[in-house]
Amino acid sequence: MNNEELIKTAIEMTKMSYVPYSHFHVGAALLAANGKVYTGCNIENAAYGPSNCAERTAIFKAVSEGDKDFSAIAVVGGPEDSEGNPTIVDFCPPCGVCRQVMAEFCNKDFKIILAKSPTEYKIFTLGELLPESFSLD
């Protein structure tokens, strides 16, 4: 799967977000080394602590299905429009918790694709976005 296809999948996932509090939709598409794609969206909770980000939703879904070898993740997000539909107006980098979860399962060369559209995106490595991660090392 190429970057544009992965981004399109992440964009579709923003529509699945459950965001009654922030009204900020995030979608993620995680590419496993075997070519399988795992998707995720953000899911909020009134207590806030039980909420989960799109990136972690995708990673946890993959791990729960026995897959722990990943190549890339595309992440998109943005606020709702006046009709409650997700919009993507800027790049949406992973939060620190998501970056740390990525560090648990991915190497420093893991690609993180931040996109505004299927053709407007930036690619970072996990090492660039989380240079001094906490790990077993």
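In what order do the five strands of the open sheet run, and is their pairing mixed or uniform? In this predicted model, the order is β2-β1-β3-β4-β5, and the pairing is mixed. The edges belong to β2 and β5 (121-125), each of which has a single partner strand, so one side of each is left without a neighbour in the sheet. On average, neighbouring strands are turned by 20° against each other, direction ignored.

Let's step into the sheet at β1 and β3, which pair in the antiparallel sense over nine bridges. Here you can find V26 standing opposite G77 in β3. Against this sheet packs α2, touching β1, β2 and β3, and its direction makes about 140° with that of β2.

Now follow α2 (54-64) itself. Its buried residues are A54, E55, R56, T57, A58, I59 and A62. These buried residues pack against β1, β2 (37-41) and β3 (70-79), and also against α3 (96-105). After α2 comes G66, whose phi is positive, near 90°.

The helix and the sheet bring us to the second largest pocket, which has a volume of about 190 Å³. Its lining consists of 15 residues, and those nearest its centre are V26, N42, N52, C53 and E55. Two of these names are already familiar: V26 is the residue opposite G77, and E55 is among the buried residues of α2. Both β1 (24-32) and α2 supply at least two residues each to the lining. By character, the lining divides into eight nonpolar, four polar and three charged residues.

Key
Residues are numbered from 1 along each chain as its sequence is written. This is a predicted model: local features need pLDDT of at least 70, side-chain atom pairs count only at pLDDT 80 or more; totals for chains, interfaces and linings use all residues. Side-chain values use heavy atoms; hydrogens and water are left out. On a 1 Å grid over the protein atoms alone, a cavity is a set of points where a 1.4 Å probe fits but cannot get out, and a pocket is an open set with protein on both sides within 12 Å along at least five of seven lines; lining residues have an atom within 4 Å of a point. Grid points are joined across faces, edges and corners, and a volume is the space filled by probe spheres set on the points. Helices (H or I, at least four residues) and strands (E, at least two) are DSSP runs, numbered from the N terminus. Ala, Val, Leu, Ile, Met, Phe, Trp, Tyr, Cys and Pro count as nonpolar, Asp, Glu, Lys and Arg as charged, and the others, Gly among them, as polar. Buried means under 20% relative accessible area, exposed over 50%, partly exposed in between (1.4 Å probe, protein chains only). Contact means heavy atoms within 4.5 Å. Two strands pair if DSSP finds at least two bridges between them. Axes are lines fitted to C-alpha atoms, for helices over the stretch in contact, and angles run from 0 to 180 degrees between N-to-C directions.
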